[in-house]
Amino acid sequence: MVRMRRLRVNETMRRLVRETSVSVDDLVYPVFVTEGSNIKNEVDSMPGIYQWSIDRLDEELDRIVERRIPAILIFGIPDKKDEVGSEAYNDNGITQRAIRHIKEYAKDVLVIADVCLCEYTSHGHCGVVCDHEIVNDDTLELLSKMAVSMAKAGADVIAPSDMMDGRVAHIRKSLDANGFKNTMIMSYSAKFASAYYGPFRDAADSAPAFGDRKTYQMDIANGKEALRECFGDIEEGADVIMVKPALAYLDVVKEVSQRTDYPIAVYNVSGEYAMVKAAAANGYIDEKRIVMENMIAMKRAGAKIIITYHALDVAYWLTEE
């Protein structure tokens with residue numbers, strides 16, 4: 001008789017045969033920076049997550065460094081927005097100034113710059129709008145300008161999240177032409193038009209003023225198309241590919257991981273975070289156990305990098321254990 005329970009007899013044995021583990025080295029923490037001074041605004045729908053002005057950002061950076069989180073994903077919230085998101089590629093814009101500060105204050109923290117126009121445009125869409133249509137090729141020029149501007153500011157990784165066709169190749173060409181051949185691209189390759197993004201739009205002030213993003217973000221029903229997106233980005237020069245959101249799309253992560261050796265990132269998005277926080281606040285779940293189980297699920301599916309708003313807590317719990 002096969003007795004599988006022998007391998008579960010105590011914690012030491014379970015640790016010895018455990019197949020999947022989570023490390024602080026897997027984690028990326030999203031950070032929101034905003035114009036102004038002395039600002040620490042908690043996002044109502046995301047308890048524990050804040051918008052920071054640069055003069056108070058060190059408070060968050062100290063926690064990130066103390067808990068040895070290797071990387072952050074930075075989002076900027078400008079005061080000025082216009083039709084073409086000009087603050088996105090302003091070398092003295094909020095995000096660029098924040099990156100320079102981070103690289104000076106916490107130089108060993110890897111800075112990943114989200115490259116998308118939605119936080120910077122008056123209409124809230126991820127690209128140039130003409131007659132209510134998001135125009136692909138005109139958007140590529142602005143995304144490339146933004147990528148170069150972020151690289152000049154000191155970003156280690158450029159992360160295009162717009163889902164325009166051909167953006168990785170266009171950005172790679174622009175980075176190379178401007179002397180940034182060693183700047184990596186982490187592409188939001190399979191980014192679905194998900195309802196899980198709601199709280200993020202509060203955090204980044206990026207809700208679309210009309211319509212939705214279904215003409216450029218992926219249909220939530222399509223898995224094979226996600227594979228095409230991922231492999232297309234690899235061909236265009238992406239160094240890391242991403243699936244977003246994470247939990248509802250672990251089948252996609254698993255499929256991609258079985259078909260490529262490229263590093264895969266997942267984004268454990270705002271809605272996933274908010275649901276856990278709300279359930280924990282009401283006493284319905286054990287927050288630590290649920291979060292760590294989610295982390296394991298993402299790693300087991302094949303993710304190497306986990307972008308998560310839980311990063312500070314996960315890092316603490318791992319140290320505690």
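Is Arg56 buried, partly exposed or exposed in this predicted model, and what is its relative accessible area? Arg56 is partly exposed, with a relative accessible area of 21%, and the views below begin with the salt bridge that this residue makes.

**View 1. Arg56 and Glu59 are joined through their side chains in a salt bridge.** The nitrogen-to-oxygen distance in this pair is 2.7 Å. Glu59, like its partner, falls in the partly exposed class, and its relative accessible area is 35%. A search of the whole structure returns 16 salt bridges, one of which is the pair shown here.

**View 2. Glu60 is a buried acidic residue in helix α2.** The helix spans residues 57-66, and within it the side chain of Glu60 makes a polar contact of 2.6 Å with the side chain of Arg63. Glu60 counts as buried because its relative accessibility is 2%, under the 20% cut-off.

**View 3. A salt bridge links Arg172 to Asp176 in helix α5.** The side chains of the two residues meet at 3.0 Å, taken from N to O. Because Arg172 and Asp176 are 4 residues apart in this helix, which covers residues 167-177, about one helical turn separates them. The two ends of the bridge fall in separate accessibility classes, since Arg172 counts as buried at 13% relative accessibility, whereas Asp176 is partly exposed at 28%.

**View 4. Glu255 and Arg259 form a salt bridge within helix α8.** The closest N and O atoms of this pair lie 2.9 Å apart, and the two residues, 4 positions apart in a helix that runs over residues 250-259, are about one turn from each other. Glu255 is partly exposed, with a relative accessible area of 30%. Elsewhere, salt bridges with shared partners connect Glu11, Arg14 and Arg18 into one network.

**View 5. A patch of negative charge on the surface brings together Asp137, Asp138, Glu141 and Asp165.** Glu141 belongs to helix α4, residues 136-153, and is partly exposed, with a relative accessible area of 44%. Thr139 is also placed in helix α4, but Thr139 counts as buried, at 0% relative accessibility.

**View 6. Val2, Met4, Leu7, Leu16 and Val17 make up a nonpolar patch on the surface.** Together these residues present about 500 Å² of accessible area. Leu16, which lies in helix α1 (residues 11-17), is exposed, with a relative accessible area of 67%.

Technical notes:
Residues numbered from 1 in each chain as written. Predicted model: local features only at pLDDT ≥ 70, side-chain atom pairs only at ≥ 80, totals over all residues. Heavy atoms only, no water. Patch = residues over 30% accessible without salt bridge, like charges linked within 9 Å, V, L, I, M, F, W, Y side chains within 5 Å. Areas by Shrake-Rupley, 256 points an atom, 1.4 Å probe, with all protein chains shown as cover. Salt bridge = Lys/Arg side-chain N within 4 Å of Asp/Glu carboxyl O. Lys, Arg positive; Asp, Glu negative; His and termini not counted. Charge placed at Lys NZ, Arg CZ, Asp CG, Glu CD. Buried < 20%, exposed > 50% of the residue type's maximum accessible area, 1.4 Å probe, protein only. Polar contact = N/O pair within 3.5 Å; in protein donor to acceptor, adjacent residues only side chain to side chain.
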